[in-house]
Amino acid sequence: MTIITFDKTGEKVKLGDISEDPPKNVTREQAAEELAELGQEMFELQDLLWGARTHSVLIVLQGRDSAGKDGAIKHVAGYLNPRGVHVTSFGVPTEEEREHDFLWRIHYHAPRKGEFAIFNRSHYEDVLVVRVHDLVPKEMWGERYGHIRDFEELLTEHGTIVLKFFLHISKDEQKKRLLAREQDPRTAWKINAGDWEDRELWDEYTDAYEDAISRTATKHAPWLVVPADAKWYRNLVVARAVTEAMRPHKKTWQARLDQVGVKKKSELETYMRTKKNP
Ligand code: ATP
């Protein structure tokens with residue numbers, strides 16, 4: 001099976017070697033069944049995460065136009081309790097944002113303990129669109145890989161589980177999706193000329209993505225290249241990775257909740273003893 005998880009800096013990623021299609025041995029029906037089970041497990045894990053308040057989860061979604069960032073959010077985050085999920089979309093920086101360092105607007109949206117933050121685009125745009133369109137000098141974006149590694153290390157040291165997904169679609173699939181969007185009056189609003197212009201820079205974006213993944217993949221903040229031509233498989237891979245990243249913490253979270261529960265119980269008992277008619 002093609003390796004889709006990258007967790008070592010410097011490991012060269014070749015997107016051309018990774019299929020955009022689901023593996024032949026997985027059917028849509030199996031995927032739907034597994035996704036429903038993972039959804040239930042994620043929901044239960046989220047409850048522990050929320051109560052224990054020792055960790056948080058950051059999900060970064062990157063991909064070319066129409067790769068399915070919104071779809072993945074809808075189908076995976078849809079299983080979670082919205083109370084603890086914050087979705088942020090990062091577009092072209094505002095004037096105020098441009099007057100700060102590139103991580104300023106990002107850090108503000110990092111998740112609080114107990115919560116999920118989902119980024120639709122992210123700080124990676126600052127080494128993707130910015131690099132491909134030459135928006136800042138090379139010396140400047142070149143420094144950013146190191147800043148990103150340090151930033152993500154800081155988040156993980158603070159208890160954040162960081163997962164980064166590149167939704168990998170083929171050029172043909174993108175064309176189909178863009179045309180379908182354009183032809184349907186109800187979805188045409190999603191398209192703009194820039195999407196077609198960026199498509200002409202397909203290879204430049206491939207280089208930029210390969211570099212970004214290779215240079216910022218770490219044990220604590222891995223990248224997953226998600227075969228994304230089939231939406232049902234894309235959703236399954238994302239949900240599986242999120243669940244698998246949370247599962248090892250389950251016992252710690254439960255122990256923390258037990259601890260808090262015992263303390264609360266004894267506080268309540270003391271309180272009750274002081275009251276004659278509670
Ligand atoms: P999407 O394609 O993400 O679903 P959209 O096309 O509706 O969203 P917006 O959310 O308004 O557009 O903005 C996304 C655009 O902002 C993308 O073209 C992206 O490349 C650009 N962008 C994001 N971050 C930056 C950045 N740091 N510098 C320049 N452009 C950026």
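## The enclosed cavity

Ile 59, Leu 61, Ala 72, Ile 73, Val 76, Ala 77, Leu 80, Phe 116, Ile 118 and Val 238 form the lining of the largest cavity. Strand E2 (56-63), helix H2 (69-77) and strand E4 (116-120) are the elements that each give two or more residues to that lining. H2 has the largest share, with four residues. This is a predicted model, so please read everything here with that in mind.

Sorted by class, the cavity lining comes out as ten nonpolar residues, no polar ones and no charged ones. The volume of the largest cavity is about 60 Å³. How many cavities of 30 Å³ or more does a search of the whole structure find? Just one turns up.

On the general side, rolling a probe the size of a water molecule over the atoms shows where empty space is left.

## The second largest pocket

Now for an open site. The second largest pocket has a volume of about 370 Å³, and 21 residues line it. Leu 163, Pro 222, Leu 224, Ala 241 and Ala 245 are the ones that lie nearest its centre.

Which elements give two or more residues to this lining? They are strand E5 (160-168) and helix H10 (231-246). H10 gives the most, with six residues. As for chemistry, the lining of this pocket splits into eleven nonpolar, seven polar and three charged residues, whereas the lining of the largest cavity has no polar and no charged residues.

## A nonpolar patch on the surface

Over on the outside, Leu 268, Tyr 271 and Met 272 make a nonpolar surface patch of about 320 Å². Leu 268 sits in helix H11, which covers residues 250-274.

Is Leu 268 buried or exposed? Its relative accessibility is 52%, so Leu 268 counts as exposed; the cut-off for that class is over 50%.

## Past the end of H11

Follow the chain on from helix H11 and you get to Lys 275, which is in the segment after H11. Lys 275 has a relative accessible area of 39%, so this residue is partly exposed. That class takes in values between the 20% limit for buried and the 50% limit for exposed.

How far apart are the C-alpha atoms of Lys 275 and Glu 125? They are separated by 60 Å, and the two residues are 150 residues apart along the chain.

Key. Residues numbered from 1 in each chain as written. Predicted model: local features only at pLDDT ≥ 70, side-chain atom pairs only at ≥ 80, totals over all residues. Heavy atoms only, no water. Patch = residues over 30% accessible without salt bridge, like charges linked within 9 Å, V, L, I, M, F, W, Y side chains within 5 Å. Areas by Shrake-Rupley, 256 points an atom, 1.4 Å probe, with all protein chains shown as cover. Salt bridge = Lys/Arg side-chain N within 4 Å of Asp/Glu carboxyl O. Buried < 20%, exposed > 50% of the residue type's maximum accessible area, 1.4 Å probe, protein only. 1 Å grid on protein atoms, 1.4 Å probe; cavity = no way out; pocket = protein on both sides within 12 Å on 5 of 7 lines; lining within 4 Å. Points joined across faces, edges and corners; volume = space filled by probe spheres on them. Nonpolar A, V, L, I, M, F, W, Y, C, P; charged D, E, K, R; others polar.
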